[in-house]
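Subject: Structure handover and findings

Hello,

Here is the structure I promised to pass on. Please open it alongside this note and follow the residues as you read.

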Amino acid sequence: MTLPDGVYLGLPMAEYVADPALSGSAFYHLLTEPGAIAWNSPANPLWDGGESSKGQLRGSAAHSAILEGLAAYEAAYCVAPQGALKTGEDMSAWLAKAKAAREDLAGLKISGKVGELRARIEDARRLIAENDELWPVFYDEKIGGRAVLSANDDAFVRILHRFVHSDVDFRRHLTGGLPEVTIVLTREGVRYKCRIDYMTAGGDLDLKTYGRPPNLDSSLKRHLVRQAFYNGAHLQAAHNATMAAHAGALLRSGRLEITNMSQAEPPVFVDAVIRLRDIFALRAARPPVFRWLFLRMDGPPTGMLIPFRQSDGMYQKALADIEHAVTVYQNYVATCGAGELWFTSAGEQEIDDTDWPLGAWEGKS
């Protein structure tokens with residue numbers, strides 16, 4: 001799907017991801033592995049639709065709770081009910097129980113790989129009424145329109161929410177603004193998109209998570225900044241800030257619309273639109289600052305707020321890299337097409353000693 005140019009409030013993440021417009025993550029791929037753009041899309045006959053992993057589901061849940069509040073989180077997520085199927089052992093046990101309870105399932109095989117077990121359960125569902133006590137529920141299914149989390153994941157998300165909103169510095173940049181603001185713009189024939197986690201008059205906040213703590217020879221700040229660079233977060237930051245600046249100018253001149261994609265009642269939406277227009281108006285007088293809020297996942301609640309300013313040298317490099325990435329994109333579209341797989345050949349290239357890790361040739365004169 002493609003969205004018309006505009007600013008969107010409450011746009012579902014699935015619809016944002018489905019739009020093929022270029023984003024911060026696209027620039028990262030274009031600079032490292034251009035073929036991934038088409039590979040991670042319906043152009044690839046092997047594409048799985050971009051299904052989320054359990055870790056990504058917990059990260060999305062944390063985003064919802066922290067950025068939108070616990071009420072919005074609880075409306076979108078719920079805890080897996082008792083007996084929900086998660087592991088291969090769970091599925092085998094369910095198949096054994098179903099086989100023993102129903103004659104029409106007597107031929108079920110109860111062992112195998114997780115994918116095979118799940119397929120058998122899906123087949124068995126056709127013989128089971130939804131109100132049957134054997135009706136299976138998986139952790140990754142939706143219940144009443146809500147995504148399902150384990151009890152541990154739900155508890156961790158609530159701990160993170162309490163941690164972030166109890167910190168004065170963190171809370172200050174999550175107050176008085178709007179969450180999940182999506183911008184779609186077309187410039188010089190190329191479509192772009194961005195999704196700002198939390199937008200205020202003072203700047204944009206991007207929520208990032210990290211796994212392991214820093215090594216003994218590195219500070220937490222350096223550890224996080226390096227992670228931001230290696231994951232291309234600086235490209236996303238510069239892109240988001242640029243998109244917000246262009247959108248603000250277009251909104252003030254009446255050439256861009258704000259669209260409500262949420263289920264909010266009209267008065268709530270009208271209030272959000274007024275607030276968003278005020279935010280953009282205030283930014284025209286005082287340039288905003290982009291900030292990352294890094295939070296530790298799978299460990300003790302730990303976080304750091306890091307500004308990424310336009311005066312930083314890496315910010316200017318990010319803008320130049322984005323410009324180069326767009327050129328790469330245009331070349332591939334012209335050569336391979338926008339809806340086809342992209343094939344990348346680096347040809348034959350000679351190597352020298354400097355291509356090897358330092359330890360392999362250290363000491364050579």
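Below is what I found, starting with the whole chain and moving on to single residues.

Please keep in mind throughout that this is a predicted model.

**The chain as a whole**

The protein chain holds 14 helices and 10 strands. Its C-alpha trace spans about 70 × 70 × 50 Å along the principal axes. There are 365 residues, and 41% of them are buried. Take the contacts with a separation of 6 or more: 67% of these come from residues 24 or more positions apart. The exposed area is about 20,500 Å², with carbon and sulfur atoms supplying 53% of it.

On charges, the chain carries 38 positive and 45 negative ones. Their mean positions lie 5 Å apart.

**Salt bridges**

The count comes to 13 salt bridges. Three are worth a look.

Start with Arg-58 and Asp-298. The closest N and O atoms of this salt bridge are 1.9 Å apart. The pair links distant parts of the chain, with the two positions 240 residues apart. Arg-58 sits in helix α4, residues 54-68. Asp-298 sits in the loop between β9 (289-296) and β10 (303-308). Are the two partners buried or exposed? Arg-58 counts as buried because its relative accessibility is 13%, under the 20% limit. Asp-298 counts as exposed because its relative accessibility is 57%, over the 50% limit.

Next, Arg-172 and Asp-169. Their side chains meet in a salt bridge at 3.7 Å, N to O. Both residues belong to helix α9, residues 168-172. They are three residues apart there, so about one helical turn separates them. Arg-172 is exposed at 51% relative accessibility. Asp-169 is partly exposed, with a relative accessible area of 42%.

The third is Asp-206 with Lys-208. Here the closest N and O atoms are 3.3 Å apart. Asp-206 is buried, with a relative accessible area of 3%. There is also a network: salt bridges that share partners join Arg-58, Asp-153 and Asp-298.

**Positive phi values**

Which residues should you check for backbone angles? Two come up: Glu-180 and Asp-298. As background, most residues other than glycine have a negative phi.

Glu-180 has a phi near 50 degrees, a positive value in a residue other than glycine. Glu-180 is found in strand β5, residues 178-187. Glu-180 is buried, with a relative accessible area of 10%.

Asp-298 has a phi near 60 degrees, again positive and again not a glycine. You have met Asp-298 above, as the salt-bridge partner of Arg-58. So this loop residue between β9 and β10 combines a positive phi with an exposed position at 57% relative accessibility.

**A nonpolar surface patch**

Which residues form the nonpolar patch on the surface? They are Phe-229, Tyr-230 and Met-314. Together they have about 320 Å² of accessible area. Tyr-230 lies in helix α10, residues 220-230. Tyr-230 is exposed, with a relative accessible area of 58%.

**Two distances for orientation**

Arg-222 also lies in helix α10. Arg-222 is partly exposed, at 47% relative accessibility. How far is the C-alpha atom of Arg-222 from that of Lys-317? The separation is 18 Å, for two residues 95 positions apart along the chain.

Val-17 is found in helix α1, residues 13-18. Val-17 counts as exposed, at 54% relative accessibility. Val-17 and Gln-310 are 293 residues apart in sequence. Their C-alpha atoms are 27 Å apart in space.

**Where to look**

If time is short, go to Asp-298. This residue pairs with Arg-58, belongs to the network with Asp-153 and has a positive phi. Then turn to the patch of Phe-229, Tyr-230 and Met-314.

Best regards

Key:
Residues numbered from 1 in each chain as written. Predicted model: local features only at pLDDT ≥ 70, side-chain atom pairs only at ≥ 80, totals over all residues. Heavy atoms only, no water. Patch = residues over 30% accessible without salt bridge, like charges linked within 9 Å, V, L, I, M, F, W, Y side chains within 5 Å. Areas by Shrake-Rupley, 256 points an atom, 1.4 Å probe, with all protein chains shown as cover. Salt bridge = Lys/Arg side-chain N within 4 Å of Asp/Glu carboxyl O. Helix = DSSP H or I, 4+ residues; strand = E, 2+ residues; numbered from the N terminus. Buried < 20%, exposed > 50% of the residue type's maximum accessible area, 1.4 Å probe, protein only. Contact = heavy atoms within 4.5 Å. Lys, Arg positive; Asp, Glu negative; His and termini not counted. Charge placed at Lys NZ, Arg CZ, Asp CG, Glu CD.
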